[in-house]
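Visitor: I've got the chain up on my screen and I'd like a walk through it. Mind if I fire questions at you?

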Amino acid sequence: MPGKILVLDSVPTNRIVLKVKLSSAFYSVSQACTLKDAISHIRQDPPDLIVLCAENCSDGGGIEQCRTLARIRPGLPIPILVLTSEMTRSLRLTALSAGAEDILQKPIHDQELNARIRAILRAREASEELRLRERTTRALGFSEQARPEFERRAQVIFVSQDGSLGLRWRSRLKPLVPYAMQHYSPKSALKEAPNATVADAFVIAIDPDCPDEGLRFLAEIRAHTGNRHCGVLVVLQNRCDRSLIDALDLGANAIMAHGFDAEEMALRLATIIKQKRLREKLDRTVHDGLQAAVTDPLTGLFNRRYALHQLGRMIAQSRHDQRDMAVMVADLDHFKRINDRYGHAVGDEVLRQMADRMRAALRSTDLIARIGGEEFLIVLPFVATSQARSMAETLCETVRRSPVILKGRDLQVNVTMSIGMGMVSDLPRDLADHPDTDVTGILLDQADQALYGAKATGRDQVTFRQSTTRPASGMG
């Protein structure tokens, strides 16, 4: 996993040794000897990770440097890995409170260092990818300003073989955190925990006598799509380098290598849950943006771009399976009169209600899209001509059955709709001999001509393709 790492250490020998170690793992490494140099590097070319030595600091101390670096980019903080020769509980808690992602004691085992860095960069890469997609959707105009959301209470699941252990941890952690907490054994957690698929974090106790069971559970979590965003904190009862490295490579977000400590766990869970909520928020923004890209904002139906792409795919599938399919172009009658008489706000409400009625009358396999002002495309796969006609007449009846009621204005608007329809079976049989032919365009043109036939002969009806030529201007 390539990445850019900035090493901040005032001792040249330490910087050189770290650069050699990290470069051998194919990271791009830059060096800084002072906080000022580090800030300059970050502003010119932001790294993916900062490795900070918390001792031998000539300008403010390692922890103060950590606080300063953590504040440089509040919207997109750069993770900080702190290295120290004197690992104490106080230093560990202070470093985590100052914004450090993790803290390691020197001398550092090369495999552990690389495993920790891989875990940090993996999480950052996932967030960066979501941020990139989110920025793209905003740039394309598909993402709206996020609305304030009620933040639900975080759910934490403790997983350990020893039930009394989980109970002790929860009771000691409870005064420090506002989370809802439950305990399960590894075998029952995914199957029996009612909130397992919506957990914000799992805390997994690795049994030193049987580490494989906890590690297997960790692998299962990461393989479960419902838990792809959830955080995982692994607690080692007795430090075991092999279990630590395996846990990180299996997807743990953080490791407590010195056993349980309530304050440290509270700090690590706060970071993990914050990151998880951020990834969920970005994921929702991207999802909403993608929806906006294919959806008509007024009616909630698919838009023209998406519908035409899907229509081409559905026609190809219909012809391949030799099963007929209907393509309809529907148009609300005299819609311009509604806008002119009542205003565009009323016209918009008419469109919304008509879209809801038609969508409710169709099957889940059918496609409906708004492709123009008051024009809709409806595709019915796997139907015979008689069935398609019956469904089209039902749509017309659904529209005319009752007026659109606008309660705020004590107004009722009667609406009717005309439908033109074409069938895949009516396409010329020799189209297969001309692969460049626009089959979608031909079928749409047939339905469009049929629609204008319906308009010309009275409206509020269903008509199959006509031989009449489409007039130069719409008939309403």
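Visitor: Which element of the chain has the highest mean pLDDT?

Guide: Keep in mind that this is a predicted model. Over the whole chain the mean pLDDT is 85, and 85% of the residues reach 70 or more. Among the elements, helix α5 (residues 110-139) sits at the bottom with a mean of 74, while the top one, at 96, is β13.

Visitor: And over which residues does pLDDT stay under 50?

Guide: Go to a stretch for which the model has 14 contacts beyond four places in sequence. The residues with pLDDT under 50 throughout are 466-475.

Visitor: Back to β13, then. How many of its residues are buried?

Guide: Take the two ways its side chains point. Glu-375, Leu-377, Val-379 and Pro-381 go one way, Phe-376, Ile-378 and Leu-380 go the other, and all are buried. That leaves β13 mostly covered, and the count is seven of seven.

Visitor: What is the strand order in the open sheet with mixed pairing?

Guide: Build it up from the pairs. β12 and β13 are antiparallel over four bridges, and they form a hairpin with four residues between them. β13 also pairs with β11, antiparallel over seven bridges, and β11 (residues 325-332) is joined to β16 (residues 417-423) by seven bridges, antiparallel again. Add β17 and the five strands read β12-β13-β11-β16-β17.

Visitor: Which strands stand at the edges there?

Guide: Look for strands with a single partner, since one side of each is then left without a neighbour in the sheet. Neighbouring strands of this sheet are turned by 20° against each other on average, direction ignored. The edge strands are β12 (367-370) and β17 (462-464).

Visitor: Which residue is the bridge partner of Ala-326 in β13?

Guide: A couple of other pairs help you get your bearings. Leu-367 stands opposite Val-379 in β13, and Val-329 has Gly-420 as its bridge partner in β16. For Ala-326, the partner in β13 is Leu-380.

Visitor: Which helix lies across β11, β13, β16 and β17?

Guide: Check residues 439-456, a helix running at about 145° to β16. The one lying across those strands is α15.

Visitor: How many residues does the largest nonpolar core have?

Guide: In soluble globular proteins, nonpolar side chains tend to be buried together. Here, the residues with the most contacts inside the core include Leu-332, Val-350, Ile-378 and Val-415. Leaving aside neighbours within four places in sequence, Val-350 touches Leu-332, Phe-335, Ile-338, Val-404, Val-413 and Val-415. The core's total is 38 residues.

Visitor: And how many residues are in the other core, the one with Ala-119?

Guide: That core lies apart from the largest one. Ala-189, Ala-247 and Ala-252 are also among its members, and its size is 25 residues.

Visitor: Which strands are at the edges of the sheet with parallel pairing?

Guide: This open sheet runs β2-β1-β3-β4-β5. β4 (residues 80-84) pairs with β5 over four bridges, with Val-82 opposite Ile-103. An edge strand has a single partner, so one of its sides lacks a neighbour in the sheet, and that picks out β2 (28-32) and β5 (102-105).

Visitor: Last one: which helix packs on that sheet, touching β1, β3 and β4?

Guide: Find residues 62-72, where the helix direction makes about 160° with that of β3. The helix is α3.

Definitions and conventions. Residues numbered from 1 in each chain as written. Predicted model: local features only at pLDDT ≥ 70, side-chain atom pairs only at ≥ 80, totals over all residues. Heavy atoms only, no water. Core = buried A, V, L, I, M, F, W, Y, C linked by side-chain atoms within 4.5 Å. Buried < 20%, exposed > 50% of the residue type's maximum accessible area, 1.4 Å probe, protein only. Contact = heavy atoms within 4.5 Å. Pairing = 2+ DSSP bridges. Helix = DSSP H or I, 4+ residues; strand = E, 2+ residues; numbered from the N terminus. Axes fitted to C-alpha atoms, helices over the stretch in contact; angles between N-to-C directions. pLDDT = per-residue confidence, 0-100.
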